[in-house]
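Visitor: I am new to this structure and would like a short tour. Could we begin with whichever residue you prefer?
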Amino acid sequence: MAGDIPGKLTGSAGRTGTIGLLKTLNRDELLEVLSQGFCQHCEALLEERIHQLLNKRGSESGSESGSESTVTSNNTLISNPVTGKQLARTSPPPPAAKYDILLNDGLGGSGSTSSDNGLSEEQKEHIRFSQVVRKKDFVQMEKINGKSMNVLKGLELHTKVFNAEEQKKIVECVYNLQRMGQKGQLRDRTYSEPRKWMRGKGRVTIQFGCCYNYAVDKNGNPPGILREEEVDPLPPLFKQMIKRMVRWHVLPTMCVPNSCIVNIYDEGDCIPPHIDHHDFLRPFCTVSFLTQCNILFGSSLKIVSPGEFSGPVSIPLPVGSVLILNGNGADIAKHCVPAVPGKRISITFRRMDESKLPYKFLPDPELSRIKPFIVSPSSAPQGHHQKPVINSSFVKAIVQQNQHRNDQVIKDKPDREATKTTKNDSFLCGNDDFPPLGKASKGASRR
């Protein structure tokens, strides 16, 4: 498409020049320009922007003309200029709760702007940051080559990183990606949905950033990153998740993920015992959604039957939790996920070894400038600092309001889905976030 535009400019001047050229086109010419030549990610981004403009227009017209005109506009169908599909014009989403920040990456430049409730974005982020619960003291002593060592050293479990509404947004994104894969709208090696030929086998996987080969394939390629294969880049929402985790000190700045794999489990699906390939650096992490399940760890894990395993340590993974694997926990102890009790989604984020990058891989500059959140007196609500902030009655009221809102989101799920979840499905669950480690037996691993 760029080849058809005379006098193409580059840099900021190019962006201004392109906009100037677009302004000279009439409606039919604009539709022609926007009707072809986009990849699926650009197409999705364009569609999202169209929806945002329509929502904004609906909001403005609703405030001027009253609720009746708003209802009328909600029923209007418009055509997506990229796909030609009919799109329903929807009302703007309800405003977020006063003290929520939905996937705020802290890079928006609004940290010093005070909102109507008297808190700046930085202060609101401080409140959310202070609620994150971090467990880093996992211990399981085992004899390795005659020496006693803690095989879980390096494991961390972080909860309350993503609230219930953010979880819902992420899950909806994953399901949309699955639909795109089923329609052939993703690259061939991005989406995989194998036939379920036995219990525990056949979970759906979606890979971004690189194509990882789990076993020797029909072409004789060994396990590891297939450097000549191309997959789709990280979706924008996944990059926001990475920013959140790096910014909130869940992941280190020197190991920012540039690839991920999404696992979509049906009831009974599992992941067998393994150690992640060293084509990926340490640490890496897994984020859990929809249904709490257990992950087993140990230097020796046993396969009991299809989908059932036993090992010395079982760690519950609350929904919305982030499990960090590093050190002995990533390289000495194997891990596995026994057959899950219900629908589950996990997203594993990893950074590729520089020497194993796909040949056509391009670094994402958006992920190269993430700055960790710095806790300072100025970022706390006035009169409170990092430690005291969570103890103040003011912030306690905010936390309670957040928890009430998240509880309400969970209660609003359909009854059918609710029957598949447990009381700990929300990662805002207090004392039950980290049940004590116990021996995982055959019976304990059954679902």
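Guide: We may begin with C173, which counts as buried because its relative accessibility is 19%, and the cut-off for that class is under 20%. Please bear in mind that this is a predicted model.

Visitor: What about C293, buried or exposed?
Guide: C293 counts as buried, with a relative accessibility of 3%.

Visitor: How many disulfides does the structure hold?
Guide: The structure holds 0 disulfides. A disulfide is a covalent bond between the sulfur atoms of two cysteines.

Visitor: Why does C173 not form a bond with the closest cysteine?
Guide: The closest cysteine sulfur to that of C173 belongs to C260, and it lies 9.6 Å away, which is too far for a bond. A disulfide requires the two sulfur atoms to be within 2.5 Å.

Visitor: Back to C173, then. Which helix contact does it take part in?
Guide: The helices concerned are α6, residues 164-182, and α7, residues 236-247, whose axes come within 10 Å and cross at roughly 145°. The crossing of α6 past α7 is left-handed. On the α6 side, C173 makes the contact together with E166, K169, I170, V174 and L177. From α7 come L237, F238, M241 and R244.

Visitor: What classes of residue meet there?
Guide: The contact of α6 with α7 has 7 nonpolar residues and 3 charged ones, with no polar residues.

Visitor: Another helix, please. Why is α5 described as largely enclosed?
Guide: Helix α5 covers residues 121-131, and 8 of its 11 residues are buried, so the rest of the structure largely encloses it.

Visitor: Which residues of α5 are the buried ones?
Guide: They are Q123, K124, E125, H126, I127, R128, F129 and Q131.

Visitor: Now the strands. How many residues of β8 are buried?
Guide: In strand β8, residues 204-208, 5 of the 5 residues are buried, and the strand is mostly covered. Both of its faces are covered: one side carries V204, I206 and F208, while the other carries T205 and Q207.

Visitor: Which strands run alongside β8?
Guide: Strand β7, residues 191-192, is joined to β8 by 2 bridges, and the two run antiparallel. Strand β11, residues 259-265, also pairs with β8 in the antiparallel sense, over 5 bridges.

Visitor: Which residues stand opposite each other in those pairings?
Guide: Between β7 and β8, S192 stands opposite T205. Between β8 and β11, V204 stands opposite I264.

Terms used: Residues numbered from 1 in each chain as written. Predicted model: local features only at pLDDT ≥ 70, side-chain atom pairs only at ≥ 80, totals over all residues. Heavy atoms only, no water. Buried < 20%, exposed > 50% of the residue type's maximum accessible area, 1.4 Å probe, protein only. Helix = DSSP H or I, 4+ residues; strand = E, 2+ residues; numbered from the N terminus. Pairing = 2+ DSSP bridges. Axes fitted to C-alpha atoms, helices over the stretch in contact; angles between N-to-C directions. Left-handed = near helix turned anticlockwise from the far one by under 90°. Contact = heavy atoms within 4.5 Å. Nonpolar A, V, L, I, M, F, W, Y, C, P; charged D, E, K, R; others polar.
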